[in-house]
Amino acid sequence: MDKDTYYSWARRKGISRRDFLKFCTMTAAMLGLDSSSVPKIVKALETKPRVPVIYLNLQECTCCSESFLRSAHPLISDLIFNMISLDYMEVIQAAAGIQAESARLKAMQDYYGKYVLVVEGSATLGDGGIYCTIGGMTANDLLKECADGAAAVIAYGSCATNACIQGAYPNPTEAVPIRRIVKNKPVIDVPGCPPIAEVITGTIVHYITFGEIPELTSQGRPKAFYSKRVHDGCTRRAFFDAGQFVEQFDDEGAKKGWCLYKMGCKGPVAYNACAVIEWNGGVSFPVKSGHPCMACSENNWYDTSTPFYTHLADIPNNAIGRNPDEVGMAALGVAGIGVVAHAAATIVTKTGEKRQKQEK
Ligand code: SF4
Ligand code: SF4
């Protein structure tokens with residue numbers, strides 16, 4: 001295995017020790033680790049050889065690759081580039097055809113049992129898998145071949161984790177998530193359309209530091225990033241609780257940044273870190289920018305989130321404890337009622353929280 005470490009590589013690239021330490025601290029925080037983990041991450045990145053990564057592109061649109069290639073944080077994109085040899089990534093590698101396939105086979109042989117396989121895109125079962133072929137192989141066969149020698153497999157993006165748009169009804173190619181094909185290796189699901197770059201970086205750093213995959217949710221996703229709903233950390237949440245909803249994209253509520261629930265926001269059912277980590281180095285995320293969340297991280301989201309601009313019929317774990325339609329009508333009708341609704345909603349929320357505490 002390559003003896004070069006991430007730190008020695010970063011230093012050669014002119015990255016300062018201070019920036020390196022900042023990156024380690026930030027990654028520990030993102031992973032939900034306490035401060036005692038920072039020295040462990042520092043030591044691992046200073047001393048452990050880089051983990052080889054083979055990156056496959058199956059049935060997909062490449063938005064996931066775009067997401068991390070365009071990561072605003074220089075160390076994050078550097079980290080990924082440092083780990084992914086251009087020889088192994090079909091979208092950006094210089095090699096093509098037989099050369100590219102030979103490079104993949106050589107990497108698999110050299111690092112057998114040690115490499116991490118990152119897969120973007122779904123597999124496809126229809127008509128023997130002919131709807132996605134690469135280098136003369138079906139995506140399924142390629143996936144099985146690469147997964148055999150992998151230490152772990154990361155399904156990167158909603159195509160790989162839930163088959164995304166191509167898996168929507170009537171699913172003409174019989175697109176399936178990759179865990180339907182890879183049965184003999186741990187598969188870490190990193191859903192999102194696309195996922196946030198920091199999530200895959202954090203997952204790989206965790207693997208380098210602790211030699212094991214991070215703690216996963218019951219759905220096989222890194223717990224640090226997928227245990228809270230977009231709704232829980234949303235910048236518009238106070239307006240939801242107050243019953244102040246945007247009714248049209250150009251109304252007064254929209255200008256004031258009110259809640260987008262009635263415009264079809266699926267944040268209450270979307271388990272993802274968008275509202276916490278945000279995009280482009282923490283500048284914004286879709287809901288903050290004025291567009292409803294589509295719950296792109298959830299299974300079958302193209303079937304369950306459409307029509308996109310129609311609101312959810314029901315809100316699970318609804319903290320305001322009442323129908324947002326009724327609260328919204330009150331807020332629209334009389335300004336004073338909006339205040340009362342806010343107070344009532346807050347009371348309901350607090351009572352609910354108290355009850356939950358008592359029940360624990
Ligand atoms: S419904 Fe959407 S816009 Fe409203 S608080 Fe929840 S996530 Fe934010
Ligand atoms: S805000 Fe919602 S739709 Fe947008 S990326 Fe996050 S989970 Fe997906």
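**Helix packing, a buried strand and aromatic pairs**

User: Why do helices H6 and H7 count as roughly parallel to each other?

Analyst: In this predicted model, helix H6 covers residues 97-110 and helix H7 covers residues 139-148 (helices are DSSP runs of H or I with at least four residues, strands E runs with at least two, numbered from the N terminus). Their axes, which are lines fitted to C-alpha atoms over the stretch in contact, with angles from 0 to 180 degrees between N-to-C directions, come within 9 Å. The crossing angle is roughly 30°, and so H6 and H7 are roughly parallel (under 35 degrees; over 145 is roughly antiparallel, 65 to 115 roughly perpendicular and the rest oblique).

User: What conventions apply to the model?

Analyst: Residues are numbered from 1 along each chain as written, while chains are lettered from A and ligands numbered from 1 in written order. Side-chain values use heavy atoms without hydrogens or water, local features need pLDDT of at least 70, side-chain atom pairs need pLDDT 80 or more, and totals for chains, interfaces and linings use all residues.

User: Which residues of H7 meet H6?

Analyst: Happy to list both sides of this contact (heavy atoms within 4.5 Å). H6 brings Arg104, Leu105 and Met108. On the H7 side, the partners are Leu142, Glu145 and Cys146.

User: Which residues of H9 make the contact with H3?

Analyst: Helix H3 (residues 37-47) packs on H9 with the axes 8 Å apart and an angle of about 85°, which makes H3 roughly perpendicular to H9. Lys40, Ile41, Ala44 and Leu45 form the H3 side of the contact. From H9 come Val205, Ile208, Thr209 and Phe210.

User: Is threonine 203 buried or exposed?

Analyst: Threonine 203 sits in helix H9 (residues 197-210). Leaving out residues up to four places away in sequence, threonine 203 touches Ile154, Ile188, Pro214 and Pro222. Its relative accessibility is 2%, so threonine 203 counts as buried (under 20% relative accessible area with a 1.4 Å probe and protein chains only; exposed is over 50%, partly exposed in between).

User: Which residue in S9 stands opposite isoleucine 154?

Analyst: Strand S7 (residues 150-156) and strand S9 run parallel, joined by four bridges (DSSP must find at least two for strands to pair). S9 spans residues 187-190 and is covered on both faces, with Val187 and Asp189 buried on one side and Ile188 and Val190 buried on the other. Opposite isoleucine 154 stands isoleucine 188.

User: Which residues form one aromatic cluster with Tyr7 and Phe20?

Analyst: The whole structure holds eleven aromatic pairs (centres of Phe, Tyr or six-membered Trp rings within 6.5 Å; planes under 30 degrees apart are stacked, over 60 edge-to-face, the rest tilted). In one of them, tyrosine 7 and phenylalanine 20 have ring centres 4.5 Å apart and planes at 50°, so the pair is tilted. This pair links helix H1 (residues 6-12), home of tyrosine 7, to helix H2 (residues 17-30), home of phenylalanine 20, 13 residues apart. Tyr7 and Phe20 share the cluster with Tyr6 and Phe23.

User: What are the relative accessible areas of tyrosine 7 and phenylalanine 20?

Analyst: Both residues are buried. For tyrosine 7 the relative accessible area is 16%. For phenylalanine 20 it is 0%.

User: What percentage of the residues in the chain are buried?

Analyst: The chain has 16 helices and nine strands. Among contacts with a separation of 6 or more, 75% join residues 24 or more positions apart. Of the 360 residues in the chain, the buried ones make up 52%.
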